[in-house]
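I opened the notebook to go through this structure a piece at a time. The entries follow the order in which I looked things up.

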Amino acid sequence: LFIAKYHLLFMFKNVPCLFFSRQGMGSRGKRYFNNSSGSDDDQRRSKHPRSNYEKPLEEVVNDLALSSSLPTFKKDMEAAVERITKDYAANKARIRRIIRKCVIRAPQHLTVYSTLVGVLNSSIPAFGAEFVEHLIKVLCDYVKYLNWIDVEILVILICDLVNSRCVSADSCFSFLESFFHASQDENISQVGRDYYVYLILLAIPWVAGAFVEEIKVEFEDFLGKIDRYMKSRPSLDYVSIISVWNSDELPPQKEYLESLWSQILGLKKDGWKISYFARYQDDFVTILRTATPHKLPLFTPCVFKNPSKYPSPKVVFRIYGKENLLAKNMNLPECESIERFLLEQDLVWIIEKNYQQKKECAHLLVSFRKREEVSLDFLIVEVLFGKIFQLPKPRCAQIFYSSLLIELCHSWPNTIPQVVAQATQMICDNLDTMNMTCFDRFVDWLSFHLCHFKFLWSWENWINCGELNPLAPQRMFFTELLCDCLQLSYHERLVEVLPTALHKLIPEVPLPKNKFSGSGADRLPGASIAQHLTQALKEKCTPEDVHAILMDCPYPDDDMDMPFNPLKIEVLTTAVLVSGSRSISHTVAILIKYMSVFKEFAADSKEAQIHLLQTLHEVWFANEQRIMIVVDKMLKMQIIQSLAVIEWIFSEKMRGNLMRHYVWQIVYSMTTRLSRSIKQIQEELDKKQAEEGTMSSASSDGERSSEVSAIQLKLSAAQELQKAVIFTLLQKVIILLSEHLLQSDAEDRDSHTGWFKAIQGRMIQIFNIEHKSIINYADELSSYLFTSDIDAVITEPFFNYLTMLK
């Protein structure tokens, strides 16, 4: 009976919601949290809330945010202040640290904690001075160690403390001016200048009312300086490269600093009146009037010349305006309003501060305090898609955003699935102007999402795809989507859910092809050896046995002077891959077992490695996922080299696959691995050098120096390889595009075809993925590849991208 109940519970617990339909989508049950050990004493204690004196200090402060929406908030605040005041003398540093950590952990409740600090400052004047000094010290560390998310939160907190009469308005004004002064430093990059101005604009909505009331003239002059800075900024040509799309049918994608500045100007036009904030200070006006505001310690932001030290410029993703809402009674702030920015900021804070806990993150989003005032579901979906599509790189892994959207569909079943469906359709309608990097991410997201909802979708709307040109964006998208769905499911399932008219677009059954078996195979050279080797592999022969069998393979036309024997590689690769085709783990295991044989026949010859890769493609042409995995494993095993992979991808035999997503996934995975390897070696070198600096024993100086030298040589070799890969990759793309332009001119036809835009988009995708490496090689790339001899249509994206990296 117990087992039967368990299985029944498991069945209902895992019933998934439908993707785009309310039918079958029930709301989830209540959440139950059991933090106790389950004893009777624990259960009795949970029925009677503990007083503040029984709780740890961390819990007292944290609970204030939880009670901020309750009628008892004022009473809870007074009780928390009483408790903290009592413990302050013995726990000064700890209390400061607890409050600061609570703000960093839950910045959407920032005004709760700024009010707490203000009330504590009125009770304990020394607390206010010590707390702001603590904040400035921590802020300096955050800037030094590039913790920019928390820098933004602390800057806003310091400014909001003006409203709690803990910080004086003139001192806060000087604090913001320090960022502007840093932005004018001659050693700072343009990216750094823009970001420090962004920090100022980020804080203005929180403190503008106090500035206007106390230092209006100085504040107006300061806004004038910012306005002059905004008008004197260099060209923003790079915006088109990091925009999700360039479409007139959706709200414009504006550069982040321009967008926020226009929202600040709108706020100024409205007389700095803003109703968004939950001003808990209003409940304690009488107490706060008695508080003494404090001067902030002197603060000078660090200046970094390397633009990669700062957050990358970005474009504000927009998909929803009032014209896009599902119902007329739904409320959404205008795109140009400061309320829209502040709402998005709170949602982003919730998401990024809970990225390791998708269920808790979904719960916080669903229960957000503005839910009753605005159509929050639209904004949540827009923010999440904006994070998925953020260029050059999202802050969190895409899998988190995708999983969070699924969790929200379960948590908010009556609205979120419909909003996601509408957003998906709007994005699909604009695929022809979509950035190639975002195009790939959209394919990955939708296939992952459909997998979790039994692949139920409005497939009928895509029937006309079969009649489109294979290079049409909608046809390319649908082809890649089906390939990804096949990797996450199985062939029969796609046949089952897709309309009959779309069956011709379903990829082939992902089985290996063995040219050495079947009818007519006996006439092929090496067929008998391949069959012998396949049988030996089934009997788990040793690498030495494999080597002995392959020695009988003849050279083509008995040409013994060839650098490698192609027949040996064909027989070995085909037999090993077919023998290990049962699963991915079988494939990896057999590659590891016979790695030495592959290395002997291919490791020393680039041509042999290219031939090996071509054979791999012939065997697994119907299973792109297996090709990607095998290439990745062979690179790790050093059977093949990165430059050989690039030569293979751009070879004549692979020309028809250049438009396929999996080919570029191989490239990007390879370049990303190289960057990761360089980072790891650099960290190892830094660690060794730090150890060498702290050790003073003369007896081991030579040994330590040799270790450091070895790591430096390893780092230099990795950097040279990365440089060679990036240069070769971009050179191949430039040659392809140049040949296309020349051929188009010779044939007097339009050169800006779908193929040209797609390949150029892949080049821009290389910039987005390897933007930190591109900075290091920018001068050499300009001198050797993107020269004046190359058509400006090809070089323009590169030079536009450089303006973003300076």
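In which loop is F455 found? I placed F455 in the loop between helix 20 (436–451) and helix 21 (473–488). I was working from a predicted model throughout.

**Entry: backbone outliers**

I stayed with F455 and read its phi, which is positive at about 60° although the residue is not a glycine. Most residues other than glycine have a negative phi, and most peptide bonds are trans. I then checked burial: F455 has 4% relative accessibility, so it counts as buried.

R165 was another entry under positive phi, with a value near 55° in a residue other than glycine. I found R165 in the loop between helix 8 and helix 9 (169–183). Is R165 buried or exposed? I noted R165 as partly exposed, because its relative accessible area of 32% lies between the 20% and 50% cut-offs.

Next I looked at the peptide bond from L391 to P392, which is cis, with omega near 5°. P392 lies in the loop between helix 17 (376–388) and helix 18 (398–411).

**Entry: H771**

P392 led me to H771, since leaving aside neighbours within four places in sequence, I found H771 in contact with S312, P392, Y801 and L805. H771 sits in helix 34 (residues 771–776). With a relative accessible area of 9%, H771 is buried. What does the side chain of H771 reach? I recorded the backbone oxygen of N768, at 2.9 Å.

**Entry: whole protein**

I stepped back to the totals. I counted 36 helices and two strands in the protein. Of its 806 residues, 54% count as buried. I also took the contacts with a sequence separation of 6 or more, and 75% of them join residues 24 or more positions apart.

**Entry: helix 7 against helix 8**

Two packed helices are described by the angle between their axes and the distance between the axes. For helix 7 (residues 125–144) and helix 8, I noted axes that come within 9 Å and cross at roughly 155°. The angle is over 145 degrees, so helix 7 is roughly antiparallel to helix 8. The crossing of helix 7 past helix 8 is left-handed.

Which residues make this contact between helix 7 and helix 8? On helix 7 I listed L135, I136, V138, L139, Y142 and V143. On helix 8 I listed W148, D150, V151, L154, V155, L157 and I158. Sorted by class, the contact of helix 7 with helix 8 has 12 nonpolar residues, no polar ones and one charged residue.

**Entry: helix 8 against helix 15**

I then turned to helix 8 (residues 148–160) and helix 15 (residues 338–353), which pack at an angle of about 135° with their axes 12 Å apart. Why did I not call this pair roughly antiparallel? That label needs an angle over 145 degrees, so helix 8 is oblique to helix 15. I noted the crossing of helix 8 and helix 15 as left-handed.

Helix 8 brings I149, D150, I153 and I156 to the contact, and helix 15 brings Q345, W349, E352 and K353. By class, I sorted the contact of helix 8 with helix 15 into four nonpolar, one polar and three charged residues. D150 is listed in the contact with helix 7 and in the contact with helix 15.

**Entry: D346 and W206**

I looked up D346, which lies in helix 15. How buried is D346? Its relative accessible area is 3%, under the 20% cut-off, so D346 is buried. Leaving aside neighbours within four places in sequence, D346 is in contact with Q108, Y276, F368 and R369.

My last look-up was W206, in helix 10 (residues 190–214). W206 counts as buried, at 5% relative accessibility. Leaving aside neighbours within four places in sequence, I found a list of contacts for W206 that includes I156, Q345 and W349. I156, Q345 and W349 are also named in the contact of helix 8 with helix 15. The contacts of W206 also include L110, T111, D160, N163, F277, R279 and L342. I added one distance, that W206 and I158 are 48 residues apart in sequence and 9.8 Å apart in space, C-alpha to C-alpha.

Note on methods: Residues are numbered from 1 along each chain as its sequence is written. This is a predicted model: local features need pLDDT of at least 70, side-chain atom pairs count only at pLDDT 80 or more; totals for chains, interfaces and linings use all residues. Side-chain values use heavy atoms; hydrogens and water are left out. Axes are lines fitted to C-alpha atoms, for helices over the stretch in contact, and angles run from 0 to 180 degrees between N-to-C directions. Helices (H or I, at least four residues) and strands (E, at least two) are DSSP runs, numbered from the N terminus. Angles under 35 degrees count as roughly parallel, over 145 as roughly antiparallel, 65 to 115 as roughly perpendicular and the rest as oblique. A crossing is left-handed if the near helix is turned anticlockwise from the far one by less than a right angle, and right-handed if clockwise. Contact means heavy atoms within 4.5 Å. Ala, Val, Leu, Ile, Met, Phe, Trp, Tyr, Cys and Pro count as nonpolar, Asp, Glu, Lys and Arg as charged, and the others, Gly among them, as polar. Buried means under 20% relative accessible area, exposed over 50%, partly exposed in between (1.4 Å probe, protein chains only). A polar contact is a pair of N or O atoms within 3.5 Å; within protein, one must be able to donate a hydrogen and the other to accept it, and residues adjacent in sequence count only if both atoms are side-chain atoms.
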